[in-house]
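Student: Hi! Could you walk me through this model?
Tutor: Sure, let's look at it together.

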Amino acid sequence: MKWLATTILLVCPVLALAEPGIPALTVETSPDGGQSYTLTIQVLAIMTLLSMLPAALLTMTSFTRVIIVLAILRQALGTPQSPPNQVLLGLALFLTLFIMTPVLNTAWTEGVQPYMEGETEATEALATSTGPFREFMIHQTRDSDLEMFARIAGRGTFDTPDDVPLSLLVPAFVTSELKTAFQIGFLVFIPFLIIDLVVASVLMSMGMMMLSPMLISLPFKIMLFVLVDGWSLLMETVAASFFV
């Protein structure tokens, strides 16, 4: 505690003699009527957006569907530790990048790049950048989910997709992604479940009830998955489900 008290005593006089900091907010009006913010506010906005990136990755991209399907596949194979979580997350991230590349390119060319070149204001660039993500989410969201959240929020019908606010679109999109992911996971699970049932029936008919069916069926499930080139089929199916 002595070093903490010494540090406080040394720092307090310096803080007392320090000059006032940079103003928290300075807004300048350009000749054409637009508004520009100080560098301090821009850095604060960028740091805020960076802190929200994980949430945006989970809720506004294809990541949710991909990671759930991969997790269900691992459970269906009966190998809860293989592939490890790091491999599944890395595969899901890069497959998400592959699927979202057209959306990211459009957001960059139409929103971020003009703002960095000084051609648009920050508010306009933000609205333009979120446009491709909004279109992607609208295309993947079920109408029933949108109507459900609109009913909960006390909102009526929307004339155009642009009228749907992000606060309503994002939860509807996530709900639709969960439904689609579990539907794909169900179809993935069925072949492996059949193998488990066949192996369990054979073992019971042979009187080997003390032997775990999972131990016997695991090599057969892995062999089946490898012979049909399961990883390629799964990646193709998941990626194609976003472009239908």
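Student: Are Phe-192 and Phe-225 buried or exposed?
Tutor: Both Phe-192 and Phe-225 are buried (under 20% relative accessible area, with exposed over 50% and partly exposed in between; 1.4 Å probe, protein chains only). This is a predicted model, where local features need pLDDT of at least 70, side-chain atom pairs count only at pLDDT 80 or more, and totals for chains, interfaces and linings use all residues. Residues are numbered from 1 along each chain as its sequence is written, and side-chain values use heavy atoms, leaving out hydrogens and water.

Student: And how much of the protein is buried?
Tutor: That's 30% of its 244 residues.

Student: Cool. How many aromatic pairs are there?
Tutor: Four, counting Phe, Tyr and Trp (its six-membered ring) when ring centres lie within 6.5 Å; planes under 30 degrees apart are stacked, over 60 edge-to-face, the rest tilted. Phe-192 and Phe-225 form a tilted pair, because their ring centres are 6.1 Å apart and their planes meet at 50°. Phe-192 is in helix H8 (residues 166-205) and Phe-225 in helix H9 (residues 213-227), so this pair ties together parts 33 residues apart in sequence.

Student: Which residues do ring pairs link into a cluster?
Tutor: Phe-136, Phe-173 and Phe-242. Phe-242 also has the charged end of Arg-65 over its ring, 3.8 Å from the centre (the rule: NZ of Lys or CZ of Arg within 6 Å of the ring centre and within 35 degrees of the ring normal).

Student: New topic: how many helices and strands?
Tutor: Ten helices and two strands, which are DSSP runs numbered from the N terminus (helices H or I, at least four residues; strands E, at least two).
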